[in-house]
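Biologist: I would be grateful for a close look at the largest nonpolar core of this structure, followed by an account of what surrounds it.

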Amino acid sequence: MQLLGLYVVVILQCFLGVFGQQAHTHHNVADLRWKPATATWYGSPDGDGTDGGACGYGSLVDVRPLRARVGAVSPILFKNGEGCGACYKVRCLDKSICSRRAVTIIVTDECPGGYCSNGNTHFDLSGAAFGRMAISGENDQLRNRGELPVIYRRTPCKYPGKNIAFHVNEGSTDYWLSLLVEFEDGDGDVGSMHIREAGGTEWLEMNHLWGANWCIIRGPLKGPFSVKLTTLAAGRTLSATDVIPRNWAPKATYTTRLNFIH
């Protein structure tokens, strides 16, 4: 009964997403301006961060290329989940303990309270990512500082050897299809997604469900499906033809031959 209730809530969220769409302003993802923020760390001191997270990447956060580069961000950067997948460079400024090297992190989670509340721009990094901002041998001392003033800027995501993939979420059916976007380089975030059915000419709009997950209620849906995604930051578009096969299955991942950076 609890599982059934969860599916009902998720399907309702997908349906209501039709009425919750917002207009987006597109910007160039490469931002050379450094801006002020604060940072903390969580998990074990040399750890890769928490499992899962509010973006829905699940066990992907434990393996490369995400491993040790994950980070939770405050709502101003999380953007109700549409900030998932974006990449940032974060650097601390205390020359007595910080190196000049910036650490690159990928948004995989949200930190809604504490340092992240009240409209603050805050990064809660894995212990490993936080420690990498220190000069050699001072990793533990830097972590002992607690909340740290930092500067940050948006940077293109890079996943060498990886192409965009679509994970079909558990519970998907011919009438309710939910997809998770993985390994989108460049902008990293997703502003809109559409699918096209087998033999069809119309792109059907999917609705933002939560995190990096998108869904559509319609049916019966007939594969193979082509998927078109548009980035949030710069409005770049990519279409993968027949990437999800006719005999698709929930919990399966289907990889394209495409990405925004090669």
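**The largest nonpolar core and its setting**

Modeller: In this predicted model, the largest nonpolar core comprises 35 residues, and those that touch the most other members are Tyr88, Val90, Ile105, Phe123, Leu125, Met133 and Leu142. Two or more residues of this core come from each of the following elements: strands S1 (35–42), S3 (87–92), S4 (103–110), S5 (122–126) and S6 (148–155), together with helices H2 (75–78) and H3 (127–131). A second, separate core holds 23 residues, with Leu229, Ala240, Ile244 and Tyr254 included in it.

Valine 90 may serve as a worked example from the largest core. When residues up to four places away in sequence are not counted, Val90 touches Ala102, Val103, Ile105, Phe123, Met133, Val150, Ile151 and Tyr152. Among these partners, Ile105, Phe123 and Met133 are themselves listed with Val90 as touching the most other core members.

The chain as a whole gives the context. Its fold contains 4 helices and 15 strands. Of the 262 residues in the chain, 50% are buried. Among contacts with a separation of 6 or more, 72% are made by residues 24 or more positions apart. The accessible surface of the chain amounts to about 12800 Å², and carbon and sulfur atoms contribute 52% of that surface.

Glutamate 147 offers a view from a loop, the one between helix H4 (139–143) and strand S6. Its relative accessibility is 36%, and because buried means under 20% and exposed means over 50%, glutamate 147 counts as partly exposed. Apart from neighbours within four places in sequence, Glu147 is in contact with Thr38, Ala39, Thr40, Tyr115 and His122. Glutamate 147 and histidine 122 are 25 residues apart along the chain, and their C-alpha atoms are separated by 9.6 Å.

There remains the matter of enclosed space. Rolling a probe the size of a water molecule over the atoms shows where empty space is left. A search of the whole structure yields 1 cavity of 30 Å³ or more. The largest cavity contains about 160 Å³ of space. Its lining is formed by 19 residues, and Tyr57, Cys84, Gly85, Val181 and Gly188 lie nearest the centre. By character, the lining of this largest cavity consists of 11 nonpolar, 5 polar and 3 charged residues.

Conventions. Residues are numbered from 1 along each chain as its sequence is written. This is a predicted model: local features need pLDDT of at least 70, side-chain atom pairs count only at pLDDT 80 or more; totals for chains, interfaces and linings use all residues. Side-chain values use heavy atoms; hydrogens and water are left out. Buried means under 20% relative accessible area, exposed over 50%, partly exposed in between (1.4 Å probe, protein chains only). Contact means heavy atoms within 4.5 Å. Accessible areas come from the Shrake-Rupley method with a 1.4 Å probe; for residues, only the protein chains shown count as cover. A nonpolar core is a set of buried Ala, Val, Leu, Ile, Met, Phe, Trp, Tyr and Cys residues joined through side-chain atoms within 4.5 Å. On a 1 Å grid over the protein atoms alone, a cavity is a set of points where a 1.4 Å probe fits but cannot get out, and a pocket is an open set with protein on both sides within 12 Å along at least five of seven lines; lining residues have an atom within 4 Å of a point. Grid points are joined across faces, edges and corners, and a volume is the space filled by probe spheres set on the points. Ala, Val, Leu, Ile, Met, Phe, Trp, Tyr, Cys and Pro count as nonpolar, Asp, Glu, Lys and Arg as charged, and the others, Gly among them, as polar.
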